Amino acid sequence: MRVKICGLTRLEDALLAEALGAYALGFVLAPGSKRRISPEAARSISAALGPLVVRVGVFRDQEPEEVLALMEKARLQVAQLHGQEPPEWAERVGRFYPVVKAFSLEGPARPEWADYPASALLLDGKAPGSGEGYPRAWALPLLQTGKRVILAGGITPENLEEVLSLRPYAIDLASGVEEAPGVKSQAKLKALFARLEAWKPGV
Ligand SMILES: O=C(O)c1ccccc1NCC(=O)[C@H](O)[C@H](O)COP(=O)(O)O
């Protein structure tokens, strides 16, 4: 299972997540986030990582030119758009970087979201990065379209299996592996990857 650990602000957390097997690491460059990192700091963490872990920039309602400038400055590889961005913004960013479009759920996901111009869609709780989840069945209408769907929102080492059983393209966690916003917990990261390793998909 592909796992993205999001909201990194410290080098030691990023290195540990990579060593444990994280597939992608997320850096929040959105204004107003408790996990916001400067592009310079994200770039310095990114430079210390190995070549085969995906670096994701997280944005919210920022104009495409600002997203592109920050992606370049921070040397990131995938842009995650987490606000109400119109499809044209994603198309503009998508000329340069793969785009993940996040939707905050207040009810079941809508199958027509699959038409949004993004490489993958991310289903999040109502308030991104809050640790708040949603009934996982809400993801089904989008999962059933065959689009790549990343599940996020309130995932923890303890409730992982229910999310994995839906067979998403990837999962994304921030709060569930933290001591405080932007400060990851070594113990929770280790518990997460141990549970993942022990997980046996049903047939
Ligand atoms: O984490 C934030 O502060 C944030 C702010 C603005 C937009 C997106 C943000 N986080 C995006 C993420 O990818 C989180 O990992 C995702 O929302 C899951 O969060 P959590 O429920 O805390 O695991």
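# Notebook: strands, a core and a ligand shell

I began with Arg195, which counts as partly exposed because 16 C-beta neighbours sit inside 10 Å. I was working with a predicted model, and I kept that in mind throughout.

**Entry 1: around Arg195**

I found Arg195 in helix H7, which covers residues 186-198. Setting aside neighbours within four places in sequence, I saw Arg195 in contact with Pro157 and Leu160. I also looked up how far Arg195 is from Ile171: their C-alpha atoms are separated by 14 Å, and the two are 24 residues apart along the chain.

**Entry 2: the annotated domain**

Next I checked the UniProt record. This unreviewed entry places the feature "domain: N-(5'phosphoribosyl) anthranilate isomerase (PRAI)" at residues 3-193. I looked at the two ends of residues 3-193 and found their C-alpha atoms 9 Å apart. I noted that the span is 29% helix and 21% strand.

**Entry 3: how E1, E2, E7 and E8 pair**

Which strands does E1 pair with? I started with strand E1, residues 2-5, and found that E1 and E8 pair in the parallel sense over four bridges. E1 and E2 also pair in the parallel sense, over two bridges.

I then followed single residues across. Ile5 stands opposite Leu173 in E8, and Ile5 also stands opposite Leu25 in E2. For Arg2, I found that the bridge partner in E8 is Ala170. Ala170 turned up again when I moved to strand E7, residues 149-151: Ile150 stands opposite Ala170 in E8. E7 and E8 pair in the parallel sense over two bridges.

**Entry 4: strand E2 and Ala24**

Is E2 mostly covered or mostly uncovered? I found E2 mostly covered, with five of its five residues buried. I reminded myself that in a regular strand the side chains alternate between the two faces of the sheet. In E2, I saw Ala24, Gly26 and Val28 point one way and Leu25 and Phe27 the other way, and all are buried.

I picked Ala24, found in strand E2, for a longer look. Why does Ala24 count as buried? I counted 22 C-beta neighbours inside 10 Å, and the cut-off for buried is 20 or more, so Ala24 qualifies. Leaving aside neighbours within four places in sequence, Ala24 is in contact with Arg2, Lys4, Val53, Val54 and Val56. I also compared Ala24 with Ala170: they are 146 residues apart along the chain, and their C-alpha atoms are separated by 9.6 Å.

**Entry 5: the nonpolar core**

I recalled that in soluble globular proteins, nonpolar side chains tend to be buried together. Here I found that the largest nonpolar core has 55 residues. The residues with the most contacts inside this core are Ile5, Phe27, Leu29 and Leu123. Ile5 was already in my notes, as the residue opposite Leu25 in E2.

What does Phe27 touch? Not counting residues up to four places away in sequence, I listed Leu8, Ile37, Ala42, Val56, Gly57, Val58, Ala74 and Leu76. Val56 appears among the contacts of Ala24 too.

**Entry 6: the shell around the ligand**

How many residues are around the ligand? I found 26, and Cys6, Ser33, Gly129, Ala174 and Ser175 come nearest. Sorted by class, the shell has nine nonpolar, 12 polar and five charged residues. I met two strands from my earlier entries here: E2 (24-28) and E8 (170-173) each supply at least two residues of the shell.

**Entry 7: two positive phi angles**

Last, I looked up two residues with a backbone angle worth writing down. Asp61 has a positive phi of about 55° although it is not a glycine. I located Asp61 in the loop between strand E3 (54-59) and helix H3 (64-74). Asp61 counts as partly exposed because 14 C-beta neighbours lie inside 10 Å.

Arg75 has a positive phi of about 55° too, and is not a glycine. I placed Arg75 in the loop between H3 and strand E4 (78-81). With 15 C-beta neighbours inside 10 Å, Arg75 therefore counts as partly exposed.

Note on methods. Residues are numbered from 1 along each chain as its sequence is written. This is a predicted model: local features need pLDDT of at least 70, side-chain atom pairs count only at pLDDT 80 or more; totals for chains, interfaces and linings use all residues. UniProt positions are given in the numbering used here, feature names are shortened, and annotations may be inferred rather than shown by experiment. A nonpolar core is a set of buried Ala, Val, Leu, Ile, Met, Phe, Trp, Tyr and Cys residues joined through C-beta atoms within 7 Å. A residue is buried if 20 or more other C-beta atoms lie within 10 Å of its own, exposed if 12 or fewer, and partly exposed in between; C-beta atoms are placed from the backbone. Two residues are in contact if their C-beta atoms, placed from the backbone, lie within 7 Å. A residue is near a molecule or strand if its C-beta atom, placed from the backbone, lies within 6 Å of it. Ala, Val, Leu, Ile, Met, Phe, Trp, Tyr, Cys and Pro count as nonpolar, Asp, Glu, Lys and Arg as charged, and the others, Gly among them, as polar. Two strands pair if DSSP finds at least two bridges between them.
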